[in-house]
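Me: I'm new to this structure and would like a close look at a single part, the second largest pocket. Could you walk me through its lining, then show me how the surroundings fit in?

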Amino acid sequence: MTAAAAGQDSAAQPPIWLQGSFRLLFAGGALWAAVVVTLWVGALGGRWTLPTAMAPLAWHQHEMLFGYLGAVIGGFLSAAIPNWTGRPVVTGWRVGGAVGLWLAARLAILFSGTVPPPIGAALDIAFLLLLLTYAAREIVVTGNRNKPILIVLSLFLVACGVDHAAAIGIVADPALGMRMGFALVLMLIAIIGGRITPAFTRNWLMRHGRRDGLPTMPNRFDNVVIGATALVLAGWVVAPDNPATGVLLLAAGTLQGARLTRWAGLKALGDPLVFVLHLSYAWLPLGLVLLGGAILHPAFPVSSAIHALGAGAMAAMTLAVMTRATRGHTGRPLEADRPTIAIYLLVHLGALLRVAAPLLPFDYMGTIRLAGGLWGAAFLLFLLIYGPMALRPATPKREYAGA
């Protein structure tokens with residue numbers, strides 16, 4: 001190839017930040033998570049009033065579920081689907097349009113005290129519909145095995161709409177959409193996390209010549225646990241205060257814990273990039289048990305259970321996946337350096353402190369602020385380290401066999 005032809009080929013390529021939505025959505029999602037927790041903690045402490053038409057708690061929950069996690073899901077799909085299907089990565093104006101739509105939704109909802117709430121709702125739903133349309137087209141055309149993801153995405157879109165409807169008083173149960181979205185994200189963790197965690201652990205152990213006691217790969221037991229968890233979470237969505245739901249949540253948490261023990265997590269202590277997947281997944285069984293306990297006995301605070309699942313399982317697992325995916329898709333070594341380990345420590349410490357806050361003999365708001373600071377710092381550090389990494393050209397001659 002001549003220099004002139006190479007220059008023309010380079011000019012035809014979109015800028016690096018428009019080559020795959022994960023580059024901007026991971027960074028934007030991390031920034032938004034830190035912004036949301038900061039604004040929420042300040043509003044909770046009476047330092048300021050949020051400009052949203054939603055109740056502050058409802059806004060906080062909505063933006064962590066459908067704002068932050070919506071961005072992460074979109075970024076994950078943009079990185080994973082080309083691996084699943086062998087089809088080209090989406091680039092150019094379509095990436096800019098998707099990210100712009102997500103950002104417009106976030107701002108419209110935050111300032112919905114001024115911007116009519118239906119505008120924010122329409123933008124929010126349009127972004128998730130765009131993700132669903134993209135995923136469905138790519139997966140169906142190629143006959144890929146990940147079709148169940150489309151069901152979860154469809155229901156997540158419905159949950160977002162229900163949450164908006166509840167915010168304007170159309171739905172009687174104000175937390176119905178939140179519970180739906182929460183349950184669906186937990187199912188994504190159970191499905192995808194339950195696939196990549198043992199697979200990456202097995203690969204790492206095999207590379208290091210350790211062939212004894214390898215993780216048990218997904219089998220019928222895993223399918224039973226996933227199915228049982230789905231049914232139990234559906235029961236929680238419909239009847240969150242029923243004692244039977246509490247008992248079933250305890251059972252589901254126990255099953256998920258048993259599932260986790262089959263993946264040889266302690267053998268992966270030597271690789272933080274792998275071990276953090278086990279540690280992050282552990283919040284799922286713990287959170288389910290705490291949620292079941294909260295339904296059955298007031299000694300278990302509901303807020304602790306919700307934050308074990310949200311600030312713990314969801315946040316820690318998404319950071320684990322975002323760090324690994326960013327490294328893999330930009331040609332960096334799949335190794336956790338010190339800043340990456342700091343990200344993991346901060347998010348887990350923040351979650352642990354938030355879960356324990358109602359039970360500690362300290363000032364509650366002070367503990368909440370500290371927990372929020374640690375947790376938010378994890379996302380800011382991710383933005384600082386991995387944002388620039390994602391916006392630099394990929395290093396050649398590396399392969400990424402990720403999800």
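Reply: Let's start with the lining itself: 16 residues line the second largest pocket, and those nearest its centre are Val90, Arg94, Ala98, Leu130 and Tyr134. Bear in mind that this is a predicted model. Three elements, namely helix 3, helix 4 (93–110) and helix 5 (117–142), each give two or more residues to that lining. As for the space inside, the second largest pocket holds about 310 Å³. By residue type, its lining splits into nine nonpolar, five polar and two charged residues.

Now let's follow the helices outward, beginning with helix 4. Arg106 is found in this helix. Is Arg106 buried or exposed? Arg106 has a relative accessible area of 0%, so it counts as buried. Its side chain has a partner too: a polar contact of 2.5 Å joins Arg106 to the side chain of Glu63. If you set aside neighbours within four places in sequence, Arg106 is in contact with Glu63 as well as Trp32, His62, Phe66, Gly67 and Asp124.

Next comes the far end of helix 5. The loop between helix 5 and helix 6 is where you'll find Asn146. With a relative accessible area of 3%, under the 20% cut-off, Asn146 is therefore buried. Two side chains make polar contacts with the side chain of Asn146: Asn144 at 2.6 Å, and Arg195 at 2.8 Å. Arg195 shows up again among the residues that Asn146 touches beyond four places in sequence, along with Trp84 and Ile139.

Trp84 is a handy link to the next stop, since Leu77 touches it as well. Leaving out residues up to four places away in sequence, Leu77 also touches Pro82, Tyr134, Ala135, Ile149 and Leu153. You've met Tyr134 already, as one of the residues nearest the centre of the second largest pocket. Leu77 also belongs to the largest nonpolar core, which has 116 residues. Within that core, the residues touching the most other members are Leu77, Phe182, Ile189, Trp236, Trp375 and Phe379. Another core lies apart from it, with five residues, among them Trp204, Leu205, Ala268 and Val274.

Helix 3 also leads to other spaces in the model. The largest pocket takes its largest share of lining, nine residues, from helix 3. About how much space lies in that largest pocket? The figure is about 1000 Å³. Its lining has 45 residues, and the ones closest to the centre are Leu57, His60, Gln61, Ile306 and His307. Sorted by type, the lining of the largest pocket has 33 nonpolar, eight polar and four charged residues. Many helices take part here: at least two residues each come from helix 2 (22–44), helix 3 (56–85), helix 6 (148–167), helix 7 (176–207), helix 10 (272–296), helix 11 (302–329), helix 12 (338–356) and helix 13 (364–390).

There are enclosed spaces as well, with four cavities of 30 Å³ or more in the structure. The largest cavity contains about 280 Å³ of space. It is lined by 18 residues, and Ile73, Phe76, Leu188, Ile192 and Thr318 lie nearest its centre. Helix 3 turns up again in this lining, giving two or more residues, as do helix 6, helix 7 and helix 11. The lining of the largest cavity has 16 nonpolar and two polar residues, with no charged ones.

To round off the tour, here are two residues from other helices. Leu273 lies in helix 10, and a relative accessibility of 0% means it counts as buried. Thr323 is 50 residues away from Leu273 along the chain, yet their C-alpha atoms are separated by 8.3 Å. Leu273 is in contact with Thr323, and also with Arg324, Leu334, Glu335, Ala336, Thr340 and Tyr344, leaving aside neighbours within four places in sequence.

Val224, found in helix 8 (residues 220–238), gives you a contrasting case. Its relative accessible area is 52%, so Val224 is exposed. Between Val224 and Leu352 there are 29 Å in space, C-alpha to C-alpha, and the two are 128 residues apart in sequence.

Definitions and conventions: Residues numbered from 1 in each chain as written. Predicted model: local features only at pLDDT ≥ 70, side-chain atom pairs only at ≥ 80, totals over all residues. Heavy atoms only, no water. 1 Å grid on protein atoms, 1.4 Å probe; cavity = no way out; pocket = protein on both sides within 12 Å on 5 of 7 lines; lining within 4 Å. Points joined across faces, edges and corners; volume = space filled by probe spheres on them. Helix = DSSP H or I, 4+ residues; strand = E, 2+ residues; numbered from the N terminus. Nonpolar A, V, L, I, M, F, W, Y, C, P; charged D, E, K, R; others polar. Buried < 20%, exposed > 50% of the residue type's maximum accessible area, 1.4 Å probe, protein only. Polar contact = N/O pair within 3.5 Å; in protein donor to acceptor, adjacent residues only side chain to side chain. Contact = heavy atoms within 4.5 Å. Core = buried A, V, L, I, M, F, W, Y, C linked by side-chain atoms within 4.5 Å.
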